[in-house]
Amino acid sequence: MRLQYRHTVCACFIGYIVQAIVNNFAPLLFLTFQSQYAITLDKIALLTGLNFGVQLLVDLLSAKFADIIGYRPCIIAAHVFSAAGLIFLTILPEILPSAYAGLCVAIVTYAIGGGLAEVLISPIMESCPGDEKAKAMSLLHSFYCWGHVGVVLVSTLFFSVFGISNWKILTIIWAIIPILNGILFAKVPIGSLIAEGEKGYGIKRLLSFRIFWIFFLLMACAGACEQAVSQWASAYAESGLGVPKAVGDLAGPLLFAAAMGGARLFYGKFGEKIDLKKFMLISGILCLCSYLIIGLSPVPFAGFLGCALCGLSVGILWPGTFSLSVRRLPGGGTAMFALLALAGDIGCSGGPTYVGMMANAFGGHLSLGILAGIIFPALLMIGMVLERRFRN
């Protein structure tokens, strides 16, 4: 059977599930790593920074080399690295002299895969034939959310039934998904963002456009708005709302991810009836309101409602920025997607760090730290206003 572009779309959907596995599975095992390998918590905390740091570096390098190497070899390599990193997670800590070094090598390996996938899947999806690009992009990014929810639920169920001691078995099971999807990407048709005979703008020319810097700001704010709450949702539920840890670990992040996925699914279904720019501006306003609710509410139910509202409001921001940038800079090519992914990752790492620093400055009150993060949706709305004013 000859595979068609609808199979390419399916491969892209699964690719974002793979990225969700890469980013969200290992953190579920951090306390297990601490006890099993006698690793201190400060070193465990560095593993998340290592993952996103490597992805940032890959984002930057991909802007230069992805078009030269080609989409297909790079996206297959992304899945190979993702699968290998997960498998290394079960092997290297046992055979290397330092278990921590083994974990670091494994995380660097799958972070390379995650970074490549983040840069490539969106332009591959954008290159597929079809008229409703913004709808397709929103639907694509919803699969990261469903992947996040699935990883947490399936892993929690597995550990409840078979015990946390069997985590290596589940890790290998998760590794099967990138292996199979990598094979699928080797066979599906893959188009190009740039028409035959034409050439993309390149990094230097992209950086000369004022409108590009607006999109860079929007993407950084989108990542910060999302992760400033998502990364702290569990701790906020436990310390700020006073719910049990088990409830906080599940309810906080899952409520956020499900609401974010729902927003992306909604736009993916009804996007042709909605003005994307207005939808993003309204989402920015809702995001600002959610930060106010989270930061000021003394009632647990209202706090959970604030987390859900935040997830709902940030859902369109990341894929919407991609779609707007393609409309305004149609020659941006892979370099533009790579640089915007870099901006998003800067926001994803900087947002939670800023919230943590501000919470510490306010005497450990996490709700006040999140309230200080209101600067991110405020900047995003300023960026949306500026985007309307600039014309190339």
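Helices α9 and α14 run roughly antiparallel to each other in this predicted model. Two packed helices are described by the angle between their axes and the distance between the axes. Here the axes of α9 (residues 210-230) and α14 (residues 317-328) come within 9 Å and cross at roughly 170 degrees; angles over 145 degrees count as roughly antiparallel, so this pair qualifies. On the α9 side, the contact is made by Ile211, Phe215, Leu218, Met219, Ala222, Gly223 and Glu226. Facing them from α14 are Leu317, Trp318, Thr321, Phe322, Leu324, Ser325 and Arg328. Sort that contact by class and you get 9 nonpolar, 3 polar and 2 charged residues.

Glu226 and Arg328 are both part of that contact, and each also has a salt bridge to follow. Start with Glu226: its partner is Arg264, with the closest N and O atoms 3.8 Å apart. That pair links distant parts of the chain, since Arg264 sits in helix α11 (residues 245-270) and Glu226 in α9, 38 residues apart. Are these two buried or exposed? Both Arg264 and Glu226 are buried.

Now pick up Arg328. This residue of α14 forms a salt bridge with Glu387, the closest N and O atoms being 2.6 Å apart. Glu387 belongs to helix α17 (residues 375-389), and the two partners are 59 residues apart. Both of them are buried as well. Bring in Lys277 and you have a network of salt bridges linking Lys277, Arg328 and Glu387.

Arg264 also leads us to another spot, around Cys145. Leaving aside neighbours within four places in sequence, Cys145 is in contact with Ala257, Met260, Gly261 and Arg264. Cys145 itself is in helix α6 (residues 133-162). How far is its C-alpha atom from that of Ala259? The separation is 8.7 Å, although the two residues are 114 residues apart along the chain. With a relative accessibility of 1%, Cys145 counts as buried, because the cut-off is under 20%.

One more salt bridge is worth a look. The whole structure has 4 of them, and one joins Glu94 to Lys168, with the closest N and O atoms 2.6 Å apart. Glu94 is in helix α4 (residues 71-95) and Lys168 in helix α7 (residues 167-187), 74 residues apart. Here the accessibility picture shifts: Glu94, at 43% relative accessibility, counts as partly exposed. Lys168 counts as partly exposed too, at 25%.

Conventions: Residues numbered from 1 in each chain as written. Predicted model: local features only at pLDDT ≥ 70, side-chain atom pairs only at ≥ 80, totals over all residues. Heavy atoms only, no water. Axes fitted to C-alpha atoms, helices over the stretch in contact; angles between N-to-C directions. Helix = DSSP H or I, 4+ residues; strand = E, 2+ residues; numbered from the N terminus. Parallel < 35°, antiparallel > 145°, perpendicular 65-115°, else oblique. Contact = heavy atoms within 4.5 Å. Nonpolar A, V, L, I, M, F, W, Y, C, P; charged D, E, K, R; others polar. Buried < 20%, exposed > 50% of the residue type's maximum accessible area, 1.4 Å probe, protein only. Salt bridge = Lys/Arg side-chain N within 4 Å of Asp/Glu carboxyl O.
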